[in-house]
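Open the model in your viewer and keep a selection box handy. We will go from stop to stop, picking out residues and saying what is there.

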Amino acid sequence: MLSDWGAVFIFFAVALAFGAGGIVTSFLIHPRRPTAAKLTTYECGVDTIGPTWVQFKTSYFLYALLFVIFDVETIYLYPWAVKFQSLGLFAFIEMIIFLFILIVGLWYAWKEGALEWK
Amino acid sequence: MENIFIGIASSLRGFFSGLGVPDLYNDIIMLVVKLVSILVFILVNALWLVYMERRVCAFMQSRLGPIHVGPKGLLQSFADIGKLLGKEIILPKGIDLVVFLLMPVLIFVPPLLIYAVIPFGKDMVAVDMNIGVFYLLAVASLSTILFWAAGWSSNNKYSLIGGMRSVAQMVSYELPLILALLGVIMLTGTLNINQIVNAQNGIWFILTQPIAFLIYFIAGVAETNRTPFCLVEGESEIIAGPYTEYSGMGFAMFFLAEYANVMIISAMCTVMFLGGWLAPFGLDFIPSWLWFFLKMYVMIFIFMWVRWTYPRIRVDQLMGFGWKVLVPLSLANIFVTGVGMYIYRAIGW
């Protein structure tokens with residue numbers, strides 16, 4: 001029997017081959033006439049000023065931190081949700097306490113202005 | 001009609017085992033057959049959706065849209081793809097060549113991997129995985145990395161901003177998307193997509209989980225980067241976001257992947273909330289795959305309707321709405337679902 005993950009691997013390989021096939025076919029048949037103007041970085045008609053790969057402020061840094069916390073939380077939530085009906089009231093209350101702690105964290109971040117886009 | 005595809009699959013399998021092909025190789029051959037049919041399904045539908053999108057948009061703006069190529073303009077998308085295939089892929093100066101060329105190749109991988117677990121009809125799923133929903137969510141979020149890398153490698157400021165925005169959007173909308181599905185998981189107690197569909201035999205989850213459906217729908221629009229959440233490629237601000245420097249087939253791959261993603265979100269809405277391939281009102285003389293297809297297209301039409309109705313929102317509104325409305329709402333939904341199930345059980349229905 002072919003296992004699930006073996007099947008997924010075949011999907012992955014074919015998807016890769018499909019993407020590569022499209023690009024390579026295009027490279028084989030398309031004309032190639034690069035000119036200086038064609039190869040400039042696209043902007044509003046003038047040359048771009050300064051390097052692109054600069055350090056700049058990612059305004060969503062605090063969002064990203066919160067995202068990591070909540071994303072890890074969902075890893076705990078999924079197994080719990082699957083077994084929710086057989087685990088009983090105790091597990092439900094436990095999970096409410098767990099969620100409550102995180103919600104307090106979210107509320108604190110909100111209050112401190114971490115959820116404001118600056 | 002119901003068993004037409006399953007019948008073809010089993011007769012093919014019978015044919016190959018009749019030739020003396022061992023079981024493992026037979027599995028692989030059948031999987032490749034399914035894969036090719038899924039690929040054809042995606043490509044035909046993506047081309048059709050491009051045409052449909054233009055016609056729907058034109059209709060909503062009192063225009064005609066494409067009508068000249070083929071009957072009623074039906075062949076417009078084929079002409080477009082032919083043209084794009086023959087166009088030069090421009091490699092602008094200063095790009096990170098390897099990453100720049102790798103991204104259009106990779107961009108189609110996450111959507112196709114997701115199609116592996118989507119049931120197109122009764123018993124019509126390529127890989128019947130026991131953790132289907134979890135796998136789907138895990139793979140779906142990979143697209144963001146590809147968008148970001150495409151934006152970064154282009155050596156273009158618009159692309160960079162677009163890539164960064166795509167990460168910001170994922171950070172705020174991935175969470176409601178994941179949390180919204182938890183209500184459904186709690187009701188069914190399984191992550192297998194086929195069993196989730198079967199659990200909706202009596203009542204569709206859109207009726208028992210309406211809030212979750214709305215959250216999933218909104219977050220889905222945001223995940224596919226469509227208006228009103230199209231900040232990633234907001235054409236009036238940052239040209240085309242991460243795809244600005246891509247031309248020809250490179251651009252076409254991104255476009256194809258976008259429509260594949262739209263179909264995935266619609267298919268997931270169908271499967272998780274609208275009963276998947278189950279026939280409503282006992283109308284089961286219409287085959288299950290046709291039901292799935294119809295429901296999916298209703299969802300796609302609603303997506304298009306939303307796209308051409310609402311204006312684009314601002315970045316701060318985007319982040320604020322995700323974190324201050326959708327996340328608390330989806331957490332509340334989990335709580336209400338849990339309490340509701342206990343009350344339901346206490347009443348003893």
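Start by selecting Met186(B): does this residue count as buried or exposed? Met186(B) counts as buried, because its relative accessibility is 0%, and the cut-off for buried is under 20%. Keep in mind throughout that this is a predicted model.

**Stop 1: around Met186(B)**

Colour helix α8 of chain B and you will find Met186(B) in it. Now show what surrounds Met186(B), leaving out its neighbours within four places in sequence. From chain A you should see Trp80(A), Ala81(A), Phe84(A) and Gln85(A) in contact with Met186(B). From chain B, the contacts of Met186(B) are Ile334(B), Thr337(B), Gly338(B) and Met341(B). Draw a distance from the C-alpha of Met186(B) to that of Gly338(B): the two are separated by 7.7 Å, though their positions lie 152 residues apart along the chain.

**Stop 2: where the two chains meet**

Next, select chain A and colour it apart from chain B. In chain A, 66 residues are in contact with 87 residues of chain B. Together the two chains bury about 6,900 Å², with 78% of that on carbon and sulfur atoms. Show Phe11(A), Trp53(A) and Tyr78(A) as sticks; within chain A these lose the most area to chain B, together 13% of what that side buries.

Which kinds of polar link should you look for across this interface? The rule finds zero salt bridges between chain A and chain B, while seven residue pairs are in polar contact, both residues at pLDDT 80 or more. To see which elements of chain A take part, highlight α1 (4-29), α2 (61-82), α3 (84-87) and α4 (89-111), each of which gives two or more residues to the side touching chain B. The most come from α1(A), with 18 residues. Colour that side of chain A by class and you get 45 nonpolar, 13 polar and eight charged residues.

**Stop 3: the domains of chain A**

Stay with chain A and select residues 1-32, then 57-118. The domain assignment makes these domain 1 and domain 2 of chain A. Their C-alpha centres lie 38 Å apart.

**Stop 4: Phe273(B) and its surroundings**

Back in chain B, go to helix α13 (residues 248-273), where Phe273(B) is found. Phe273(B) is buried, because its relative accessible area is 0%. Setting aside neighbours within four places in sequence, the contacts of Phe273(B) include the aromatic names Trp204(B), Phe205(B), Phe213(B) and Tyr216(B). Among the others to display are Leu181(B), Val184(B), Gln200(B) and Met268(B). Between Phe273(B) and Leu181(B), the C-alpha distance is 9.4 Å, with 92 residues separating them in sequence.

**Stop 5: salt bridges**

How many salt bridges does the structure hold over all chains? There are four. For one of them, select Glu53(B) and Arg307(B), whose closest N and O atoms are 3.5 Å apart. The pair links distant parts of the chain: Glu53(B) sits in helix α2 of chain B and Arg307(B) in helix α14 of chain B, 254 residues apart. Helix α14 covers residues 288-307. Both Glu53(B) and Arg307(B) are buried; Arg307(B) qualifies because its relative accessible area is 19%, against a cut-off of under 20%. Besides Glu53(B), Arg307(B) touches Arg226(B), Thr227(B), Glu258(B) and Tyr259(B), not counting residues up to four places away in sequence.

Now move to Arg314(B) and Asp316(B), which form a salt bridge at 3.0 Å between the closest N and O atoms. Asp316(B) counts as partly exposed, because its relative accessibility is 30%. In chain A, pick Glu112(A) and Lys111(A), whose side chains meet in a salt bridge of 3.6 Å, N to O. Lys111(A) counts as exposed, with a relative accessibility of 52%.

**Stop 6: two loops of chain B**

Most residues other than glycine have a negative phi. With that in mind, select Ser62(B), in the loop between α2 (23-60) and α3 (76-86) of chain B. Ser62(B) has a positive phi of about 55° without being a glycine. Then select Asn155(B), in the loop between α7 (142-153) and α8 (157-188) of chain B. Asn155(B), not a glycine either, has a positive phi of about 55°.

Which of these loop residues is buried and which is exposed? Ser62(B) is exposed, with a relative accessible area of 69%, whereas Asn155(B) counts as buried at 14%.

Technical notes: Residues are numbered from 1 along each chain as its sequence is written. Chains are lettered from A and ligands numbered from 1 in the order in which they are written. This is a predicted model: local features need pLDDT of at least 70, side-chain atom pairs count only at pLDDT 80 or more; totals for chains, interfaces and linings use all residues. Side-chain values use heavy atoms; hydrogens and water are left out. Domain bounds come from an automatic or database domain assignment. Contact means heavy atoms within 4.5 Å. Buried area is the accessible area (1.4 Å probe) that two parts lose on being put together, summed over both. A polar contact is a pair of N or O atoms within 3.5 Å; within protein, one must be able to donate a hydrogen and the other to accept it, and residues adjacent in sequence count only if both atoms are side-chain atoms. Helices (H or I, at least four residues) and strands (E, at least two) are DSSP runs, numbered from the N terminus. Ala, Val, Leu, Ile, Met, Phe, Trp, Tyr, Cys and Pro count as nonpolar, Asp, Glu, Lys and Arg as charged, and the others, Gly among them, as polar. Buried means under 20% relative accessible area, exposed over 50%, partly exposed in between (1.4 Å probe, protein chains only).
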